[in-house]
Amino acid sequence: MLVPDGNTFLVHPMAFAGPCKPTSISFLISGIIIAPNSPESWKGRNQGRWLIFKGVDGLSVDGPGMLDGRGKGWWDILCATHRHLPGCVKLAPTVISFLQCNKVSLSNILVVDSPQTHILITGCNNVVIRYLSIKSPETSPNTDGIHISSSHGVFIHNTNIGSGDDCVSIGDHTSDIYITDVDCGPGHGVSIGSLGRSGNEVKVDNINVIRVRFNKTTNGVRIKTWQVGRGHVRGVLYEDVNFMDVSNPIIIDQYYCDVRGGCESTRTGVQISDVRYAGIFGTSKSKVAINLNCSQAVACTDILLDTILLAPSTPGKKVISSCNNAYGSSAGIVEPESCLLE
Ligand SMILES: *[C@@H]1O[C@H](CO)[C@@H](O)[C@H](O)[C@H]1NC(C)=O
Ligand SMILES: *[C@@H]1O[C@H](CO)[C@@H](O)[C@H](O)[C@H]1NC(C)=O
C-alpha cells in the first residue's frame, strides 16, 4: 500500500483489520494524511480512534510522510479541560492504534496534533518504533506520545517526542519494553502507570529507559500507582538519563489519585522492586529531585541509586532526596544524597 508523496489526503476514521494472508505487509506513507477537522465525522463510530490496524501480523508502516490529527477542534471541547462546557467530550481519537498485532514496525513518520493519545499499542507482541517525531503543543490535553498496554517486546528508539503529556506511558500487563535514544519534551516525561486504579493485580516487568534526554518536562522518570492496586512492577532500569530543567526528575508516586489526597489509604499496594537508576545527570526545577514516595502498606525494595548528579536549575538553590518506605542501596556518587533505608 502506498500513500504517494506530494499530496495531502483527508481520511475518515478507518480500520484495517486482519488476519491477512501474506506474512509481511508494507504500508508506505510518503504523503500527508490529515484527519477530518470536526468531531462530526465520528458520529456513530468509536470516538477514541482515527486510524486502526487490528489483528495484522508482519506489518511495517514506513515514512517519510506525516499524519496530522488536527486535534485543536477536540482540545477545545474536551471535558478534561472544559468541564463546564455543555456537550464536552470525554474521549477523543488516537491518531494511530495497533491492536492485537504481532511483529509490527512504525518508522520515519511525523505525527502531529493528535486529539488525544498519538500512538497506541495494545495487545501486541514484538513492536519496533523508530525514527519517529511526535509533536503537539505543550498545552494540549491528554496527548500522550506513545501509550503501551497488554504488550510484550516493544522497542522505541531514536525518536523525538514533544506531545504536551507523557512522552511514553506504560500501562498494565506489559513486559520487555526498551526505550532508548529518545528526546522527550515538552510534556510530562516517561511514565510507568498510572496502575492499579480498580484494585486490580498489576503485572509490569522488565522496563528499560536508556539514553533518554528530558528537556523542561514536568516529570522525568515516573512510576505512579493507585493505593488500591495490587500486584507488582519489577525490574526497571533507568540508565544514562539526562535532565534539563525538569520538575520531579526521579519520582515514584504510590499515592496517585485524580484529586491529590482524595483517595483513602488502604492496606494494599503495588509492590515495586528491583529498580535501578544508573548514570543520571542534569538539573532539577523542583527542590525534591529524587522522590521515592512508596506505599505505606507495601515497601519498595531493591532500589539502586548508582552515580547520580542532579543540580538545581537555578544556581544557589538546593535539591534534596525524599524517601517513604523505600529500601535499597547506593553506589558511586549520589547527589542529592541517598535517603534509602538499607
Ligand atoms: C529545550 O527546549 C527548548 C524549548 O522549550 C529549546 O529552545 C532548546 O533548544 C531545547 N534544548 C535542547 C538541548 O534540546
Ligand atoms: C507523598 O505522598 C503523600 C500523599 O499524597 C503526600 O502528602 C506527600 O507530600 C508526598 N511526599 C512527597 C515528598 O512528595
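This is a short chat about the predicted model shown above.

Reader: Hi! What secondary structure does the protein chain have?
Author: Hello! The protein chain has one helix and 28 strands, where helices (H or I, at least four residues) and strands (E, at least two) are DSSP runs numbered from the N terminus. Residues are numbered from 1 along each chain as its sequence is written. Since the model is predicted, local features need pLDDT of at least 70, and side-chain atom pairs count only at pLDDT 80 or more.

Reader: Cool, how much of the protein chain counts as buried?
Author: Of its 342 residues, 51% do; buried means under 20% relative accessible area, exposed over 50%, and partly exposed in between, with a 1.4 Å probe and protein chains only.

Reader: And which residues have the most contacts inside the largest nonpolar core?
Author: They are F98, I119, I179, I192, Y238 and Y277, in a core of 82 residues. Such a core is a set of buried Ala, Val, Leu, Ile, Met, Phe, Trp, Tyr and Cys residues joined through side-chain atoms within 4.5 Å.

Reader: What is Y277 in contact with?
Author: Leaving aside neighbours within four places in sequence, its contacts (heavy atoms within 4.5 Å) include V221, Y238, I250 and L292.

Reader: Switching topic: where is A311?
Author: A311 sits in strand 26, residues 300-312.

Reader: Is A311 buried or partly exposed?
Author: Partly exposed, because its relative accessibility is 35%. Not counting residues up to four places away in sequence, A311 touches G282, T283, S284 and V319.

Reader: How far is A311 from K287?
Author: Their C-alpha atoms are separated by 9.7 Å, and the two are 24 residues apart along the chain.

Notes. Chains lettered and ligands numbered in written order. Heavy atoms only, no water.
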